[in-house]
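Let's walk through this protein together, beginning with the pockets and then moving on to the sheet. Keep the 3D view open as you read.

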Amino acid sequence: MKRARILWITAGASAVVALIVGVLIAAALQREDATMPDAAEASTSSASPSPVPVATLPAAAVEGDVEPGSDASSIVVAPVAALNQALTDPTVPVDLSMVADGVALADFRDEVEQTAMEGWRIEGETVLISALVVSRTPDSDPPSMVVDVCLDRSGVTVLDTQGMAVPNAMSPTRVLTRWTMSLLDGSWKATNRTFTDEPEC
């Protein structure tokens, strides 16, 4: 009887020790889990893809004066092409800083981000019809010019997440915008974009 009682006490003590060890192991595993990010957190914390370069490089500095009324298509074509590139697939970031700066860069990025948020993309390209110099300030820092830019969007279709055309997304099809182009780091970049009193051209 005495031996049986000792065995019961020993068994009970072993069970208590096993319980304590189990609790300690569980606590240690819980702390380890807390310090390890789950798969969702790991994916969201992963770095965003690097922007791809623009396909059409900005125009280099032109020699001589650019008079009001002269054609500035060669100066404006790069940012127009970059926007086409970025909007064709908004999920692929494009380095718009290569062709724009300041207010225009923020404006371009907002347009692309809004399109991406809607899940939209464009098919076709906006075509540069004309770009006429309105004014120039060659002695400013940086040297700049204001250009009236006529764009034809009749060949552009905005597609939704189902690949269906978004009605009236490109109305009017021809728009007149006023861009400020500035000479930065040896090339012309868009630094502002506004609408004129006459929205169509």
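What kinds of residues line the largest pocket, by class? In this predicted model, its lining has 13 nonpolar residues, along with five polar and five charged ones. That makes a lining of 23 residues, around a space of about 530 Å³. If you would like to find the pocket on screen, look for Leu87, Glu111, Arg153, Met170 and Arg193, which are the lining residues that lie nearest its centre.

Both helices and strands take part here. Two or more lining residues come from each of helix H3 (73–88), helix H4 (102–118), strand S5 (174–184) and strand S6 (187–195). Of the elements, H4 gives the largest share of this lining, with five residues.

Now for the second largest pocket, where about 190 Å³ of space is found. Its lining is made up of 13 residues, and Pro93, Val94, Leu96, Arg109 and Val112 are the ones nearest the centre. By class, nine of the lining residues are nonpolar, one is polar and three are charged. Which element gives the most to this lining? Here H4 leads with four residues, just as H4 has the largest share in the largest pocket.

Next, turn to the sheet. Strands of a sheet pair through backbone hydrogen bonds, in a parallel or an antiparallel way. In this model, four strands form an open sheet with antiparallel pairing, and their order is S2-S3-S5-S6. At the edges are strand S2 (127–137) and S6, each of which pairs on one side only. On average, neighbouring strands of the sheet are turned by 30 degrees against each other, if direction is ignored.

For a closer look at one pair, follow S2 alongside strand S3 (residues 144–152): the two are antiparallel and are joined over nine bridges. Within this part of the sheet, Arg136 stands opposite Met145 of S3. H4 packs on the sheet as well, where it touches S5 and S6, and the direction of H4 makes about 70 degrees with that of S6. So H4 is a helix to keep in view, since it appears in the lining of both pockets.

Finally, how confident is the prediction? The mean pLDDT of the protein is 79, and 75% of the residues reach 70 or more. Please take care with residues 1–45, over which pLDDT stays under 50. For this stretch the model has zero contacts beyond four places in sequence.

Definitions and conventions. Residues are numbered from 1 along each chain as its sequence is written. This is a predicted model: local features need pLDDT of at least 70, side-chain atom pairs count only at pLDDT 80 or more; totals for chains, interfaces and linings use all residues. Side-chain values use heavy atoms; hydrogens and water are left out. On a 1 Å grid over the protein atoms alone, a cavity is a set of points where a 1.4 Å probe fits but cannot get out, and a pocket is an open set with protein on both sides within 12 Å along at least five of seven lines; lining residues have an atom within 4 Å of a point. Grid points are joined across faces, edges and corners, and a volume is the space filled by probe spheres set on the points. Ala, Val, Leu, Ile, Met, Phe, Trp, Tyr, Cys and Pro count as nonpolar, Asp, Glu, Lys and Arg as charged, and the others, Gly among them, as polar. Two strands pair if DSSP finds at least two bridges between them. Axes are lines fitted to C-alpha atoms, for helices over the stretch in contact, and angles run from 0 to 180 degrees between N-to-C directions. Contact means heavy atoms within 4.5 Å. pLDDT is the predictor's confidence in each residue, from 0 to 100.
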